[in-house]
Amino acid sequence: LEVSQGAQPPIPSLLSPTVTSEQIEHLHRRFKQLSQDQLTIRKENFDSIPDLEFNPIRGKIVHAFFDKRNLRQESDGLADEINFEDFLTIMSYFRPIEMNMDEEQLDRFRKEKLKFLFHMYDSDHDGKITLQEYRNVVEELLSGNPHLEKESARSIADGAMMEAASICVGQMGPDQVYEGITFEDFLKMWQGIDIETKMHVRFLNMETIAHCY
Amino acid sequence: LLPMLAALAAGAAEARATSEGQLPGAAAMGTGTPPSPSGTAFEETRLHVFTLDYPHVQIPFEITLWILLASLAKIGFHLYHKLPSIVPESCLLILVGLLLGGIIFGAEEKSPPVMNSDVFFLYLLPPIVLDAGYFMPTRLFFENFGTIFWYAVVGTLWNAIGIGISLYGICQISAFGLTDITLLQNLLFGSLISAVDPVAVLAVFENIHVNEQLYILVFGESLLNDAITVVLYNLFKSFCQMRTIKVIDIFAGIANFFIVGIGGVLIGILLGFVAAFTTRFTHKIRVIEPLFVFLYSYLSYITAEMFHLSGIMAITACAMTMNKYVEENVSQKSYTTIKYFMKMLSSVSETLIFIFMGVSTVGKNHEWNWAFVSFTLLFCLIWRALGVFVLTQIINVFRTIPLTFKDQFIIAYGGLRGAICFSLVFLLPPAVFPRKKLFITAVIVVIFFTVFIQGITIRPLVEFLDVKRSNKKQPAVSEEIYNRFFDHVKTGIEDVCGHWGHNFWRDKFKKFDNKYLRRLLIRENQPKSSIVSLYKKLEIKHAIEMAESGMISKVPSSGSLSEYHEGKIKPLSPTEMENMREILTKNLYQIRHRTMSYNRHSLAADANEKQAKEILIRRRHSLRESLRKTNSLSRERPVLAFIFFFI
């Protein structure tokens, strides 16, 4: 889908009718700023956001934009570049809930958001979060702290995996091996937490003249 | 009561006032002893084998008895376990107070001592607010700060002016006999009765466990509205005493509000930082560390009161500022002491306040007027409900998570009045307010209604409306990881779309905090991750349990699952052992304990022990398996290896 400079950008179906055209305009302007007036964005364009540098999981966030599983395509793998529609698709995972949603819609909403997070953990796209992937996440999270050794990060990840195992599988026999956290297990772990209320970004208050190099 | 009566009887029968001959006046608790005939200078008195000198110890004796009585009453309530869940403690305490007041009134035929407003504001209120401020979930508070501020300031203004004007309208109706109450007096009355009371809110909300968001909205409002209440109260009181009111006075009032609020907060923050800085140097005298916390917070309160600023906001700001840094500077024992002592003080204060309210109700301080009292109550309820509804419609536009109708109902219903308006009404100068007794009666009726009726019915209402309750789970390590991960994701996305969200300010503050504040205020500054702290805490806790139960010697070290090299472990000398023990205990003291939700009666429960045990048991199992195959450990090494792990 081509996005021309002046015309109204197309709205992907899953966003309508909840996102206003004003918000789309905002995001479009931001997209043009990031892409330097090109029609698509590549990974390198994200380097121009200064504040993102300090984010320990920067790599995973950028990766999430290009992850085809998030872009609603059946295929797997990584896209090289994304256009505005894809950009909007990713942003739609962060829209706030509305008051008039019924139970089923809320549930679907919640699952979508959790799936987004799940894909960020599961970097090799095999549908499971293995111990190694989990360790990787914890190491990245703690990478901002120079005093911590790798050992601590690993043992923490190990401990957390054990917890997950006990929640999802219950009592394990001495020879059982826990393969990894599947999406169903992931859902179970987030059961008590209201992710749908926390995972949102207010698109209206946007500083579109935000800094870019 | 028995000791008091015994003292009365003994005093009356036998008093031979020795020493100063100080006659107890019709003093605080009304237990006077008749003056004894003192002999002339030449009459010799024989040596007394046994003397009773009550006046000498009267004041501390009576204070102790009151506190003892309050605490015994508390024990009594909890003996029947179902009682506190149906009726909130505050109600029962007021009933006890009423009973006591009745006894004293009957015995002495005069009004029992009224709760001294000074005693309330200077001694009884600060511990409660300190306790609440210290354990306030700061993150939630700041996330909802806009809403809380909006309700506190605009809501209280709305209530005060609404109630004042409508009551004035009622007073104009000559049939009720109230025409001598002026508009200003009504406005003053409105301002003092519209203040939601933190003590009452805490007392009622801690038992019903609504979700943290609702709790923080109501409770935060009750704290922040102190600024507005102070300003309005003083403003209208001065206006009542002034002959003319100019426009400049109104502007002075508005400016006063800002000074009161901001000044109070600044004093609190300043003293909070000073306290944090002081605790940086207390590692040689750990025993008096808790004292600094209490002294500095109380100092912030009375300093604010000295300038007629908002003492409540000062002490809250001080506690919230101090909390983070003090936690890391003081020893574990001091930290526990602080927490327990704070809870104890606030519990005693709260009990005393409610009992005194009951006692002060009995007596001759009342003037009953059906119209005034009933309309006051009606208007309080109506204006509160209207206010919450209208304000919520406006603030929902700015909130990402709009407040539902259920939330609004609970917020409106949870607007309880309590001891603050009670004390404020007693402070009214009777010369300016000839109908003061009428006001007192009206305030008491409103307070009793909110505390009893609303307090008792709010729990079944919460269940009936199926309001979301609080999640009592303790944080597990994986949850901490997920939360942290999620925060970073959200911040990242906000950065990508160029959005200055809440997280932006929080991140900026965190950076500033890490760079400057922590270096200055914390003794051994090692930037810590909360994930690591929580994890270490769980591990070490279990390690101690294991060491104590003597199981360690059989168990191999719990190093990393997959990598275990024999070369790492070497025999250690006694001095090295000593060093390691030091390091181990130091790690203990630095553990940061997060309290999840506020609870008056208990500190946060221990971490999920079963989970921690489960984790370590599994790990040991798998290690034992792997080591059984390699068989490379001798007996003594495991202990050292285990300790070595923690370095």
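## Exercises on chains A and B

Read along the sequence, the secondary structure of chain A runs α-β-α-β-α-α-α-α-α-α. The model used in these exercises is a predicted one.

**Exercise 1.** Work out how many helices and strands chain A has, and what percentage of its residues is buried.

*Solution.* Begin with the elements, which in chain A are 8 helices and 2 strands. Next take burial, where a residue needs a relative accessible area under 20% to qualify; of the 213 residues in chain A, 49% are buried. Turn then to the surface of chain A, whose accessible area is about 10,200 Å², with 49% of that area belonging to carbon and sulfur atoms. Finally, consider the contacts in chain A between residues at least 6 apart in sequence, of which 57% join residues at least 24 apart.

**Exercise 2.** Find where Gln36(A) is located, and decide whether Gln36(A) is buried or exposed.

*Solution.* Start from the backbone: Gln36(A) has a positive phi of about 55°, although it is not a glycine. Then locate the residue, which lies in the loop between helix H1 (21–35) and strand S1 (41–42) of chain A. Because exposed means over 50% relative accessible area, the value of 54% places Gln36(A) among the exposed residues.

**Exercise 3.** Carry out the corresponding steps for His308(B), asking which loop holds it and whether it is buried or exposed.

*Solution.* The phi of His308(B) is positive, at about 60°, and this residue is not a glycine. His308(B) sits in the loop between helix H12 (289–306) and helix H13 (311–329) of chain B. With a relative accessibility of 56%, His308(B) counts as exposed.

**Exercise 4.** Check the span of helix H4 (residues 89–108) of chain B against its number of residues, and identify what covers its buried residues.

*Solution.* The helix has 20 residues, so at 1.5 Å a residue H4(B) should span 28 Å, and the end C-alpha atoms, being 28 Å apart, agree with this. The buried residues of H4(B) include Cys91(B), Leu92(B), Leu93(B), Gly97(B) and Ile104(B). Their cover includes helices H2 (54–79), H3 (83–86), H9 (198–208), H14 (332–361) and H18 (436–465) of chain B.

**Exercise 5.** Repeat the span check for H14(B), and determine how many of its residues are buried.

*Solution.* For the 30 residues of H14(B), 1.5 Å a residue gives an expected span of 44 Å, which agrees with the 44 Å between its end C-alpha atoms. H14(B) is mostly covered, since 21 of its 30 residues are buried. After this helix comes Gly363(B), with a positive phi near 140°.

Notes
Residues numbered from 1 in each chain as written. Chains lettered and ligands numbered in written order. Predicted model: local features only at pLDDT ≥ 70, side-chain atom pairs only at ≥ 80, totals over all residues. Heavy atoms only, no water. Helix = DSSP H or I, 4+ residues; strand = E, 2+ residues; numbered from the N terminus. Expected span 1.5 Å × (residues − 1). Buried < 20%, exposed > 50% of the residue type's maximum accessible area, 1.4 Å probe, protein only. Contact = heavy atoms within 4.5 Å. Areas by Shrake-Rupley, 256 points an atom, 1.4 Å probe, with all protein chains shown as cover.
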